[in-house]
Amino acid sequence: MSDHTPNDGTTGHEWDGIRELTNKPPKWWALGFYAGLTFVTCYYIIYPSTPMNNKVQEVVNGVTGMEVFVHGHTKGIMGIISDNPYYQGEEWTQAEIDVLVAKGHNELTIKAGDLKYQDGWTAINEMRDNVADIEAVRATSMAKLDSMSVDEIIADDDMLAFAMGRSRVLFGDSCAACHSSGGQGNLNETHPGNSFPNLTDDDWLFGGWSEKIVETITDGREASMPAKGGNDDLTAANVSELADFVVALSTGDAELDNDGMLTKGESFLPANALFQETCSACHGANAQGSMANYDFDGGAVNLTDGIWRFGGSLATITETITQGRTGKMPSFAGKLDATSIKILAVRVHQLGGGMAEEPMEPEEIEEDMMDETTAETSMDEAV
Ligand code: HEC
Ligand code: HEC
């Protein structure tokens, strides 16, 4: 090493041919460095910082008998200039002390006016108080949920928002594995049997009014499509005919009326004869499924709407008819409490086209109208 600084932009140091230059650091770097220094200094002065005054505190938030090692610290000028109560240190009120005494902490050494946090404001104390505030609000809303029905919650904007917020994680934990996180289900083309229904549409297998959704979640569902519709006499050729017919029903190339008569697609007459004999008992003479035929527990799919539970390709439909299908929606009765099931029902109802109420059968509507007419006549008679 040489002890003079040569004028060639180096320090004159050289190791194995590597020379040390005297370049200044880049401007952006220097600016960043000084800005950082300034920030740290200001932060240090403004906020609580230097650890000191560590001691054992025997009163924690006014409750005696607890010994806690307190890490004291300088308070920072925030304590002087900010009117945030946490920087000032919040004071105990007599009402708060009374609450503690009522809880059995009767050896309190604090009195109204004492500072709440002996070490002034800390982020953790502020957080604890905020959490306590949120929990207090939640507790009130949770209690309110308990007393409301699914429909009442849906009709109340605030409670609806609360229920949707609370049920998001619940849905993720309990339902998303099968129905996907958004509830859109999963049509598994490789393994159609592992498909799960979409909860975001208004195509219901078991009914989309509130009581029915609660029932589905509580008790679970196990709809079963027997192999060959339970008719062992069906040949492979019959199955293939039926599969073609099911495709045609879904594309509109064949149409059935409510009595099971073909109104379109004459070439499917033989297939329809098979369908009416074997399949209509569950899927309905019109092939529109259990729901459309006022059976709210059968779960037989509507075959005319092009919405598929397992898949609508000819191959999948043939497989469905040949092997049958058994979907299983687990029961959550023992796993979730009533309120959780309730808010999940709210969520499912809101996700898709939730139904306002149980649909009425045409005969029931007629009976209803008859009742009204009778009521009117008897009123007339009374007058
Ligand atoms: C293990 C998979 C699985 C899990 C977990 C699951 N489900 Fe299901 N769910 C199904 C299957 C399968 C069906 C269809 C049943 C059938 O076809 O017989 C279904 C059907 C439903 C239906 C009926 C839809 C209709 O159209 O009528 C609702 C509602 C429902 N699930 C809600 C939920 C909710 C809410 C959760 C979470 C608490 C949940 N499911 C968890 C598999 C699951
Ligand atoms: C005992 C009642 C019953 C009979 C009989 C029956 N099905 Fe089904 N079918 C169902 C049920 C229930 C489902 C839905 C199964 C599930 O969700 O787990 C279903 C599902 C299907 C599907 C799947 C549709 C989709 O969306 O993926 C097809 C296709 C089908 N059935 C066709 C037929 C045909 C054709 C026949 C006559 C050979 C028939 N079914 C007879 C009850 C029945």
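A residue is counted as near a molecule if its C-beta atom, placed from the backbone, lies within 6 Å of that molecule. In this predicted model, 29 residues are found around ligand 2, and Met225, Gly229, Cys279, Cys282 and Gly327 come nearest. At least two residues of this shell are supplied by each of strand E5 (224-225), H10, H11, helix H13 (314-323) and strand E8 (325-326). H11 provides the largest share, five residues. The shell around ligand 2 consists of 15 nonpolar, 11 polar and three charged residues.

Ligand 1 is surrounded by 25 residues, of which Cys175, Cys178, Ala223, Gly327 and Met329 are the closest. Two or more residues of the shell come from each of helix H8 (176-179), helix H9 (210-219) and helix H14 (338-351). By class, 17 residues around ligand 1 are nonpolar, five are polar and three are charged. Gly327 is thus listed both among the closest residues to ligand 1 and among those nearest to ligand 2.

Helices H10 and H11, which both contribute to the shell around ligand 2, also pack against each other. H10 spans residues 236-251 and H11 residues 269-283; their axes lie 9 Å apart and form an angle of about 100°. Because angles of 65 to 115 degrees count as roughly perpendicular, H10 is described as roughly perpendicular to H11. On the H10 side, the contact is made by Asn238, Glu241, Leu242, Asp244 and Phe245; H11 contributes Pro270, Ala271, Asn272, Leu274 and Phe275. Six nonpolar, two polar and two charged residues make up this contact.

Key
Residues are numbered from 1 along each chain as its sequence is written. Chains are lettered from A and ligands numbered from 1 in the order in which they are written. This is a predicted model: local features need pLDDT of at least 70, side-chain atom pairs count only at pLDDT 80 or more; totals for chains, interfaces and linings use all residues. Helices (H or I, at least four residues) and strands (E, at least two) are DSSP runs, numbered from the N terminus. Ala, Val, Leu, Ile, Met, Phe, Trp, Tyr, Cys and Pro count as nonpolar, Asp, Glu, Lys and Arg as charged, and the others, Gly among them, as polar. Axes are lines fitted to C-alpha atoms, for helices over the stretch in contact, and angles run from 0 to 180 degrees between N-to-C directions. Angles under 35 degrees count as roughly parallel, over 145 as roughly antiparallel, 65 to 115 as roughly perpendicular and the rest as oblique. Two residues are in contact if their C-beta atoms, placed from the backbone, lie within 7 Å.
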